[in-house]
Amino acid sequence: MRVSYLELVRRKEALRERVRRLLGPEGYKRAKEDPHSRRRPRPCGLTIHTAVGCPNKCTYCYIQDMGFSFTQAKPYHLKGEELVLALLENRHFLPGIEGTYLAFGSISDPFLREAKPRTLEYMERISRYLGNPVQFATKAYISEELARRLSNMKLILSPLITVVTIHKWRELEPSAPDPEKRLETIRNLRREGLYPFLFLRPLLPGINEDEIEEIIEYSKRSGAVGVVVGGFRVSHLILERLRKMGFDIEPILRRIKKRRLLGKEQVSLGLRDMKMQVLNIAKEKGLKAVLTACCAMTNVLNMMGKELPCASLCFLGKMCTGDKYCGNNCALKLPEVSEEDVKAAIEAELRVRVIDFKVDGRIIASVRRWNGYSSFRDGIRLLSSLYRRRVEILVE
Ligand code: SF4
Ligand code: SF4
């Protein structure tokens with residue numbers, strides 16, 4: 001594929017004008033003041049909130065530590081076009097299939113009853129105006145009819161269906177639909193031509209290790225095309241909840257250096273061995289297996305005919321599961337770019353004058369600042385994600 005910064009920026013400008021005119025000053029103000037207009041993308045993509053809070057009350061969930069409610073989900077206040085405008089106002093966002101990945105489902109479940117109308121509204125508007133790849137993570141039941149509606153949206157859509165236990169869901173996910181319903185969700189999505197991945201996150205040492213093979217087997221039989229294996233972040237509150245539910249938390253504590261976590265502190269567990277176990281089981285069963293959500297998104301993008309590597313450049317680092325487990329060969333799919341476009345993009349995003357530069361598997365540029373000091377971090381991230389190449393800047 002070919003990617004062009006100048007083309008996307010022109011499209012972004014034109015769309016921004018169009019949606020701004022449509023919404024008028026009130027709508028513009030709401031969009032401009034909303035955090036979606038400033039938020040930086042995370043490795044999985046730019047997170048889209050369709051509700052705030054989640055009554056599923058998963059024992060391992062960290063949203064309470066972040067200050068969000070476990071008792072109710074409030075639909076997000078922006079209307080569909082306002083969300084689109086907020087994204088177009090965001091300097092970290094580029095529209096289009098080759099643009100920023102969008103991720104639904106970080107502080108709520110996007111298909112909860114309360115969140116679903118907003119989720120569908122946002123997805124429909126993203127499809128109409130922007131066309132960015134969209135991923136969602138859910139534990140909700142998606143009926144055949146809803147799966148058809150999603151499939152008809154003309155979006156590159158990557159569904160992640162979370163199943164972390166078949167037998168202990170009452171203790172671990174007391175208010176979420178039971179895993180059998182989620183497997184049915186996988187079936188319905190696949191039947192409608194979508195490419196669902198099993199989202200096996202979190203891995204809970206001593207709690208769900210013994211169920212991994214069964215979960216993967218059932219997911220495969222239901223139609224999952226792959227597995228995303230995730231880690232686990234614990235806090236004091238999460239450990240307390242697990243303990244109160246009767247789980248032995250010693251195997252978890254053994255994997256963190258501290259015995260006591262204070263306040264809202266969160267710690268990621270070292271889970272390399274468990275992740276390798278999942279990758280190997282998934283491979284045995286003929287499923288793709290990846291370590292990041294963006295890699296699932298990238299696989300779907302490619303399955304739907306858009307040959308592009310991972311936008312987070314996972315293929316350049318340790319997160320790539322390679323030929324053995326993924327097989328997407330991202331390193332061989334670098335998009336075509338023009339030198340003129342790269343030079344213009346560096347000058348516009350980093351506010352520098354380019355003195356010399358080279359484009360091959362990497363982009364290396366010598367630059368001179370013209371606007372005093374400004375951090376290059378955000379601009380480099382945006383450009384490396386668009387061009388799918390490492391961008392190195394040398395200041396003269
Ligand atoms: S469904 Fe997700 S957001 Fe909701 S409680 Fe469970 S882990 Fe947290
Ligand atoms: S080849 Fe590597 S970087 Fe590309 S999608 Fe697969 S795991 Fe991710």
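Select helix 11 (residues 293-303) and ligand 2 together: helix 11 gives the shell around ligand 2 its largest share, three residues. Helices here are DSSP runs of H or I of at least four residues and strands are E runs of at least two, numbered from the N terminus. The model is predicted: local features need pLDDT of at least 70 and side-chain atom pairs count only at pLDDT 80 or more, while totals for chains, interfaces and linings use all residues. Residues are numbered from 1 along each chain as its sequence is written, and chains are lettered from A and ligands numbered from 1 in the order in which they are written.

**The two ligands**

Extend the selection to the 15 residues around ligand 2, of which Cys295, Phe315, Cys320, Cys326 and Cys330 come nearest. A residue is taken as near a molecule or strand if its C-beta atom, placed from the backbone, lies within 6 Å of it. Coloured by class, this shell shows nine nonpolar, six polar and no charged residues. In this scheme Ala, Val, Leu, Ile, Met, Phe, Trp, Tyr, Cys and Pro count as nonpolar, Asp, Glu, Lys and Arg as charged, and the others, Gly among them, as polar.

Next select ligand 1. The residues surrounding ligand 1 are Cys54, Asn56, Lys57, Cys58, Cys61, Ile63, Ser108, Asp109, Lys139 and Ala176. The shell around ligand 1 divides into five nonpolar, two polar and three charged residues.

**The seven-stranded sheet**

Now display the open sheet of seven strands, which has parallel pairing and the order 1-4-5-6-7-8-11. Two strands pair if DSSP finds at least two bridges between them. At the edges are strand 1 (46-48) and strand 11 (288-290), each paired on one side only. Neighbouring strands of this sheet are turned by 25° against each other on average, direction ignored. Axes are lines fitted to C-alpha atoms, for helices over the stretch in contact, and angles run from 0 to 180 degrees between N-to-C directions.

Within the sheet, select strand 6 (residues 157-162) and strand 7 (residues 197-200), a parallel pair joined over three bridges. Here Thr162 stands opposite Phe199 in strand 7. Return to helix 11, which packs on the sheet and touches strand 4 (102-104), strand 5 (134-138), strand 6, strand 7, strand 8 (226-229) and strand 11; the direction of helix 11 makes about 135° with that of strand 6. Contact between two residues requires C-beta atoms, placed from the backbone, within 7 Å.

**Two backbone details**

Most residues other than glycine have a negative phi, and most peptide bonds are trans. Select Arg201 and Pro202, which are joined by a cis peptide bond with omega of about 5°. Pro202 belongs to the loop between strand 7 and helix 7 (212-222). Then move to Asn329, which is not a glycine yet has a positive phi of about 50°. Asn329 is in the loop between helix 12 (322-325) and helix 13 (339-350).

**The three-stranded sheet**

Select the open sheet of three strands, with order 12-13-14 and mixed pairing. Strand 12 (352-359) and strand 14 (390-395) are the edges, each with a single partner strand, so one side of each is left without a neighbour in the sheet. From one strand to the next, the twist averages 25°. Strand 12 and strand 13 (residues 362-369) pair in the antiparallel sense over seven bridges, and Asp356 stands opposite Ser366 in strand 13. Helix 13 packs on this sheet, touching strand 12, strand 13 and strand 14, with its direction at about 145° to that of strand 12. Helix 14 (residues 377-387) also packs on the sheet, touching strand 13 and strand 14, and its direction makes about 140° with that of strand 14.

**The whole chain**

Finally, colour the chain by domain: domain 1 (5-331) and domain 2 (339-395), with bounds from an automatic or database domain assignment. At their interface, 12 residues of domain 1 are in contact with 10 residues of domain 2. The side of domain 1 that touches domain 2 consists of eight nonpolar, two polar and two charged residues.
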